[in-house]
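Subject: The structure to look at

Hi there,

Here is the structure I promised to send over. Please open it alongside this note, and I will walk you through what turned up.

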Amino acid sequence: MVASFPRWTWTKGPVRKVRYEVINNCPIFDYTEEGLKRLLADSGFARTDIKVGKSGFLVRADRKP
């Protein structure tokens with residue numbers, strides 16, 4: 001799997017909160033690196049590579065054999 005996950009930043013966080021949750025009634029989720037590791041391990045992914053970016057994480061993960 002290759003996926004991106006947003007994280008909270010003071011520059012984009014409040015704007016995203018208003019835009020998605022307040023105006024569009026759409027929940028948003030922000031992640032931490034440790035939280036992503038737990039989520040992926042609990043979902044059955046064995047090998048994970050997490051790259052930290054300015055506004056989130058880029059993840060490459062492989063399933064357990």
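Let me start with charge. The protein chain carries 13 positive and 7 negative side chains, and the centres of these two sets are 4 Å apart. Please keep in mind that this is a predicted model.

**Overall layout**

The protein chain has 2 helices and 3 strands, and their order along the sequence is β-α-α-β-β. The radius of gyration is 14 Å, well over the 11 Å that the globule rule gives for 65 residues, so the chain is more spread out than a compact globule. Along its principal axes, the C-alpha trace spans about 45 × 25 × 15 Å.

Some numbers for the chain as a whole:

- Of the 65 residues, 23% are buried.
- The exposed surface comes to about 5,000 Å², with 57% of it supplied by carbon and sulfur atoms.
- If you take the contacts between residues at least 6 apart in sequence, 43% of them join residues at least 24 apart.

**The nonpolar core**

In soluble globular proteins, nonpolar side chains tend to be buried together. Here the largest nonpolar core has 9 residues: Ala3, Phe5, Leu36, Leu40, Phe45, Ile50, Phe57, Val59 and Ala61. Two or more of these residues come from each of strand 1 (2–6), helix 2 (33–42), strand 2 (45–52) and strand 3 (56–63). Strand 3 gives the most, with 3 residues.

Val59 is a good core residue to click on. Leaving aside residues up to four places away in sequence, Val59 touches Met1, Val2, Ala3, Phe5, Leu36, Leu40, Asp49 and Ile50.

**Arg7 and its surroundings**

Which residues does Arg7 touch, not counting those up to four places away in sequence? They are Asp30, Tyr31, Val52, Gly53, Lys54, Ser55, Gly56 and Phe57. Arg7 itself is found in the loop between strand 1 and helix 1 (13–23). Its relative accessible area is 26%, and because buried means under 20% and exposed over 50%, Arg7 counts as partly exposed. Asn24 lies 17 residues from Arg7 in sequence, and the two C-alpha atoms are 20 Å apart.

**Ala46, for contrast**

Ala46 sits in strand 2 and is also partly exposed, at 43% relative accessibility. Its partner for a distance check is Arg63: these two are 17 residues apart in sequence and 5.5 Å apart in space, C-alpha to C-alpha.

**Helix 1 and the loop after it**

Is Val22 buried or exposed? At 60% relative accessibility, Val22 counts as exposed. Val22 is part of helix 1, and its C-alpha is 26 Å from that of Ala3, with their positions 19 residues apart in sequence.

Asn25 is in the loop between helix 1 and helix 2. Its phi is near 50°, a positive value in a residue other than glycine. Asn25 is exposed, with a relative accessible area of 67%.

If you would like a short route through the model, begin at Val59 in the core, go on to Arg7 in its loop, and finish at Asn25 in the loop between the two helices.

Best wishes

Definitions and conventions: Residues are numbered from 1 along each chain as its sequence is written. This is a predicted model: local features need pLDDT of at least 70, side-chain atom pairs count only at pLDDT 80 or more; totals for chains, interfaces and linings use all residues. Side-chain values use heavy atoms; hydrogens and water are left out. Helices (H or I, at least four residues) and strands (E, at least two) are DSSP runs, numbered from the N terminus. The radius of gyration is taken over C-alpha atoms; the globule rule is 2.2 Å times the number of residues to the power 0.38. Buried means under 20% relative accessible area, exposed over 50%, partly exposed in between (1.4 Å probe, protein chains only). Contact means heavy atoms within 4.5 Å. Accessible areas come from the Shrake-Rupley method with a 1.4 Å probe; for residues, only the protein chains shown count as cover. Lys and Arg count as positive and Asp and Glu as negative; His and the chain ends are not counted. The place of a charge is taken as NZ of Lys, CZ of Arg, CG of Asp or CD of Glu. A nonpolar core is a set of buried Ala, Val, Leu, Ile, Met, Phe, Trp, Tyr and Cys residues joined through side-chain atoms within 4.5 Å.
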